[in-house]
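Please open the model in a viewer and keep the selection panel at hand. The tour below proceeds from one selection to the next and states what is to be found at each stop.

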Amino acid sequence: MPSAQPEPPHSHGLPARTAVLLINLGTPAAPTTAAVRRYLGEFLSDPRVVDLPRVVWWPILHGIILNVRPRRSAEKYASVWTAEGSPLQVHVARQAKLLLGFLGRAGHRVVVDYAMRYGEPSIGASLSRLKEDGCTRILLLPLYPQYAASTTAAAFDAACKWLQQTRNQPEIRMVRSFADDPGYLAALAASVRDHWAANGRPGDSGRLLISFHGLPRKALERGDPYYCECQKTGRLLGEALGLRPEQYVICFQSRFGRAEWLQPYTAPTLEALARSGVRRVDVICPGFPADCLETLEEIASEGKALFLAAGGKDYHYIPCLNERDDWLHALTDIAARHLLGWPTQAEPTKAELELSALRARALGAPS
């Protein structure tokens, strides 16, 4: 087997535990050029992210991108960095702690942790830590509502790589996507209504812009369902809010490189709306359950500047779901559905565990 990692010591008489591992994309360790270079090097080296032959991509990545982009990106990260650290990591860590409590109130005795596909804590390190803690059943829950090979599948790849190096494997389940989950959609709709309650509802000259992270167009042409799942989420959100089709726009942000990506693009759409006489835009990013660089800097800051410069008058960014109670309830329901059949409702008593250990030793197991 490929370079198996050492197994943690086994202790008889300990309960087998169940865990939920939240997974997000990742973040640099610090808003510095060096940290961003390490992060981008790992991220952009993944063939799931950049689907080009290595002989073509490697000179571009190491000869140009990693020498130019880290400094500019570090400045952007610095503009959103908090005293606690990266906004994404702060929110995901809080979501993990809150999910533990929500699942506990629902009667599930589980361990909840989080990992990042790129950066720290890595998926492999988090899985090893859960295994050392006695977790023999682990639910992987990527925080990507809409499935894409470059996000969800990349997370599963990392978990499978860890499994390949593990002799005594835990049982693994994976949540593929939740683009049309009723609780997730209800939380999105409630966040928009809360925003409207505080800031007024846009009139006929306003639009709700529903912005998702972009992907190269060729991903859709090769069978990736991401575009379709984004369209479904956007349509269902519009319906939940009672909007007519002309009152909201679904678009895609964060284009990278010269190839065609999923359209319409968010930035040109903002400018076109302003020039067409739309005075107010409210923007929500349903593909991001936690605020991060792409929402706080690209949408909340850069998007606002583009819209106002093109003649728009009123720009609002609606924060991600982050630690909203309704979102945590939805996340709890998603996890609970995928935990069905695993013994999470009660742990063995101390007497039952001691008896199990005695039986194991009587059969020749080491003490």
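Select Lys-131 first: at 14% relative accessibility, this residue counts as buried, where buried means under 20% relative accessible area, exposed over 50%, and partly exposed in between (1.4 Å probe, protein chains only). The side chain of Lys-131 meets that of Glu-7 in a salt bridge of 2.2 Å, N to O; a salt bridge is a side-chain nitrogen of Lys or Arg within 4 Å of a carboxyl oxygen of Asp or Glu. The pair links distant parts of the chain, 124 residues apart, with Glu-7 in the segment before strand 1 and Lys-131 in helix 4 (residues 123-132). Helices (H or I, at least four residues) and strands (E, at least two) are DSSP runs, numbered from the N terminus. Glu-7 is partly exposed, with a relative accessible area of 31%.

The model is predicted: local features need pLDDT of at least 70 and side-chain atom pairs count only at pLDDT 80 or more, whereas totals for chains, interfaces and linings use all residues. Residues are numbered from 1 along each chain as its sequence is written, and side-chain values use heavy atoms, with hydrogens and water left out.

**Further salt bridges**

Next, select Asp-180 and Lys-232, whose side chains form a salt bridge of 3.0 Å, N to O. Asp-180 lies in the loop between strand 4 (171-174) and helix 6 (182-199) and Lys-232 in helix 8 (residues 226-240), so the pair ties together parts that are 52 residues apart in sequence. Asp-180 is partly exposed at 40% relative accessibility, and Lys-232 is partly exposed at 35%.

Move to Arg-324 and Asp-326, which form a salt bridge with their closest N and O atoms 2.8 Å apart. Both ends are partly exposed: Arg-324 has a relative accessible area of 23% and Asp-326 one of 25%. Then select Glu-84, Arg-94 and Glu-323, which are joined into one network by salt bridges that share partners. The count of salt bridges comes to 18.

**Nonpolar cores and a surface patch**

Which residues touch the most other members of the largest nonpolar core? Select Val-20, Leu-22, Leu-141, Val-281 and Trp-327, which do so among its 70 residues. Apart from this core lies another, of 18 residues, among them Leu-44, Val-50, Trp-57 and Tyr-77. A nonpolar core is a set of buried Ala, Val, Leu, Ile, Met, Phe, Trp, Tyr and Cys residues joined through side-chain atoms within 4.5 Å.

For the surface, select Leu-52, Val-55, Val-56, Ile-60, Ile-64 and Val-68, a nonpolar patch with about 490 Å² of accessible area together. Patches are made of residues with over 30% relative accessible area and no salt bridge, like charges being joined within 9 Å and nonpolar side chains (Val, Leu, Ile, Met, Phe, Trp, Tyr) within 5 Å. Accessible areas come from the Shrake-Rupley method with a 1.4 Å probe; for residues, only the protein chains shown count as cover. Ile-64 of this patch lies in helix 2 (residues 54-80).

**Buried polar residues in loops**

Select Thr-27, in the loop between strand 1 (17-26) and helix 1 (33-44). Thr-27 is buried, with a relative accessible area of 4%. Its side chain makes a polar contact of 2.8 Å with the side chain of Ser-86. A polar contact is a pair of N or O atoms within 3.5 Å; within protein, one must be able to donate a hydrogen and the other to accept it, and residues adjacent in sequence count only if both atoms are side-chain atoms.

Asp-46, in the loop between helix 1 and helix 2, is buried at 8% relative accessible area. A polar atom of the Asp-46 side chain lies 2.9 Å from the backbone nitrogen of Arg-48.

Thr-344 is found in the loop between helix 11 (325-339) and helix 12 (350-362) and is buried at 2% relative accessibility. The side chains of Thr-344 and His-108 are joined by a polar contact of 2.7 Å.

**Backbone geometry**

Most residues other than glycine have a negative phi, and most peptide bonds are trans. Where are the cis peptide bonds to inspect? Select the bond from Glu-120 to Pro-121, with omega near -5 degrees, and the bond from Gln-263 to Pro-264, with omega near 5 degrees.

Finally, select Ser-254, which has a positive phi of about 65 degrees although it is not a glycine, and Asn-322, with a positive phi of about 50 degrees. Ser-254 is buried at 16% relative accessible area, and Asn-322 is buried at 9%.
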